[in-house]
Structures are given as structure tokens and as C-alpha cells.
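Colleague: I would like a close look at a single part of this model, taken slowly and with its surroundings.

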Amino acid sequence: GGTKLFAQTSCSAFYPFDEVTTFQITSYSKKDEKTAVIDYVVKESNGDTATLAYKMHDDNGKLILESEYGIFCEADGISIDFNSLAAPDVLEQYKDMEVDISGTNLILPNKLSPGQTLPDANMLMTIKLPPMNLKMTVNIHDRTVEGKETVTTPAGTFECYVISYSLESKMGMKITGNAKDWIAEGVGMVKSENYNKKGKRISRSELTAFSN
């Protein structure tokens with residue numbers, strides 16, 4: 001697009017709220033095989049709320065899932081809809097069923113500093129499979145700003161804040177692990193890594209395209 005008079009016209013320092021913004025996140029397995037490509041577009045932005053719509057394709061280019069979630073201005077930052085905590089492959093699995101999702105949004109302040117702790121977030125998904133209900137929970141806790149790092153991905157080089165957190169998901173059995181997100185101002189997530197209890201990386205994703 002043309003020159004922007006305001007670098008940031010929204011309340012969010014990190015996530016883009018401009019309706020022209022598109023970006024792409026590519027996910028990789030433990031063995032570094034490409035597992036999915038997710039293309040996002042910012043739509044229905046009014047400065048206070050933006051909707052992120054995404055299309056997820058598998059590594060063969062087949063469309064697996066289309067979904068969206070909201071980002072809202074709150075206090076001195078944003079809150080990201082708890083729907084975003086649902087793993088896309090889980091959403092895809094139950095997309096034709098009646099699903100209730102409740103939870104606590106993920107809060108991201110505009111000002112981050114190393115050592116800062118951030119609020120917990122969680123999601124409870126109830127899948128109605130008469131005569132029973134299937135429940136799935138995702139809990140994010142111990143969120144800490146670790147510091148700043150420069151990260152290079154196929155989309156460019158970005159100055160990022162590193163946020164680490166503990167991740168627990170439960171669907172019958174409980175799985176616990178840790179994760180790190182690298183986020184850049186005006187861009188959002190640049191890189192993310194998931195680790196098992198022993199600290200071994202089990203999956204990663206990175207920003208592979210960004211346009212505004």
C-alpha cells in the first residue's frame with residue numbers, strides 16, 4: 001500500500017488491525033516436516049476490534065479448515081479471543097458437530113519488559129456427542145516475558161519479545177509442556193515453539209509471509 005501517516009492507528013502495539021493486512025504462518029513437526037500453512041487476513045476492523053480470519057491448508061495444499069477469532073482493545077493492550085487457543089486440528093476434527101467453547105481471553109499488554117508476568121488464559125471446549133459430552137481443556141499459565149531477540153524468518157527480520165509459558169491440555173489424558181512465542185510490534189507472532197515436559201521441541205511455527 002501507499003505511505004501510512006500513522007504506523008499504529010489502533011490500540012494494539014503488536015497485532016495489526018488494518019483490514020489490508022495478510023500474513024501466513026507455516027507449522028512444522030518434530031522432524032521439521034511441514035504440517036500446515038495458515039493464511040490469515042484481518043477483516044472487520046473498527047479500530048477497537050478486529051477479526052482474524054484464517055484458512056488452513058495441509059502440506060499438499062488441501063484446505064483443512066476455515067475459521068476466525070476476534071482481537072479486542074482492552075486496558076492498555078489487547079485481548080485475544082480464547083477460541084484461538086483451540087488447536088486447529090481439533091477444530092477440524094469436530095467441525096460438523098455441535099461445539100460449545102468458553103474460556104478466558106489471552107491478554108497482551110502493549111508495553112512489555114523482561115521479567116514481566118502476564119495473566120493466564122484458558123479454554124473449555126464441550127463437544128456434544130449424544131448421549132454424552134466430550135470435554136477438552138487448554139490452560140496457559142506462568143506466562144513470562146523473557147526478553148528481546150532478533151528473529152529472521154522467510155518473511156523478514158524482526159525485533160521480537162520472547163514470551164514463555166506452560167501449556168496444559170486435557171482430553172481424557174492430560175498433556176503438559178511449555179511453549180515460547182516471539183512477537184514483533186505491528187506484526188504479531190513471528191515464531192512459536194512447543195516443548196514437551198523434558199524440554200524437547202515437539203513442534204514449531206513461523207511467519208512465512210506478511211503484507212500490509
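Where is the place of Asp 142? Please start from there and work outwards through the neighbouring elements.

Modeller: The model is a predicted one, and the place of Asp 142 in it is in strand S10. Although Asp 142 is not a glycine, its phi is positive, at about 55°. The strand that holds this residue, S10, covers residues 132-153, and its pairings are a convenient way to describe the surroundings.

Take first the pairing with strand S8, which consists of residues 117-118. S8 and S10 pair in the antiparallel sense over two bridges, and Leu 118 has Arg 143 as its bridge partner in S10. Strand S9, residues 121-129, is also antiparallel to S10, and the two are joined by nine bridges. Within S10, Ile 140 is the bridge partner of Ala 121. A hairpin of two residues leads from S9 to S10, and the loop between these strands is where Pro 131 is found. The peptide bond running from Pro 130 to Pro 131 is cis, with omega near 5°.

On the other connection, S10 is joined to strand S11, residues 156-171, by 14 bridges, and these two strands likewise run antiparallel. Thr 152 stands opposite Thr 157 in S11, and here too a hairpin makes the link, passing from S10 to S11 through two residues.

S11 also brings the nonpolar interior into the picture. The largest nonpolar core has 54 residues, and Leu 108 and Leu 112 are those with the most contacts inside it. Of this core, the largest share comes from S11, which supplies six residues. In soluble globular proteins, nonpolar side chains tend to be buried together. Leaving aside residues up to four places away in sequence, Leu 108 touches Phe 14, Tyr 15, Gly 77, Ile 78, Leu 118, Arg 143, Ile 163 and Ile 183. Two names in that list, Leu 118 and Arg 143, are the bridge partners already described for S8 and S10, so that contact list leads back to the strand with which we began.

A positive phi also occurs at Asp 32, which is not a glycine either and has a value of about 65°. Asp 32, however, has its place in the loop between strand S1 (22-28) and strand S2 (34-43). Because its relative accessibility is 39%, Asp 32 counts as partly exposed. Another loop residue, Gly 61, lies between strand S3 (49-58) and strand S4 (63-74), and is partly exposed because its relative accessible area is 48%. The C-alpha atoms of Gly 61 and Ala 36 are separated by 8.5 Å, with the two residues 25 apart along the chain.

For a polar residue in a strand with a low accessibility, consider Ser 192, whose place is in strand S13 (residues 188-196). Ser 192 counts as buried because its relative accessibility of 9% falls under the 20% cut-off. Its side chain is joined to that of Asp 181 by a polar contact of 2.8 Å, while a polar atom of the Ser 192 side chain lies 3.5 Å from the backbone oxygen of Lys 180. Apart from residues up to four places away in sequence, Ser 192 touches Tyr 165, Lys 180, Asp 181, Trp 182, Ser 203, Arg 204 and Ser 205.

Methods: Residues are numbered from 1 along each chain as its sequence is written. This is a predicted model: local features need pLDDT of at least 70, side-chain atom pairs count only at pLDDT 80 or more; totals for chains, interfaces and linings use all residues. Side-chain values use heavy atoms; hydrogens and water are left out. Helices (H or I, at least four residues) and strands (E, at least two) are DSSP runs, numbered from the N terminus. A nonpolar core is a set of buried Ala, Val, Leu, Ile, Met, Phe, Trp, Tyr and Cys residues joined through side-chain atoms within 4.5 Å. Buried means under 20% relative accessible area, exposed over 50%, partly exposed in between (1.4 Å probe, protein chains only). Contact means heavy atoms within 4.5 Å. A polar contact is a pair of N or O atoms within 3.5 Å; within protein, one must be able to donate a hydrogen and the other to accept it, and residues adjacent in sequence count only if both atoms are side-chain atoms.
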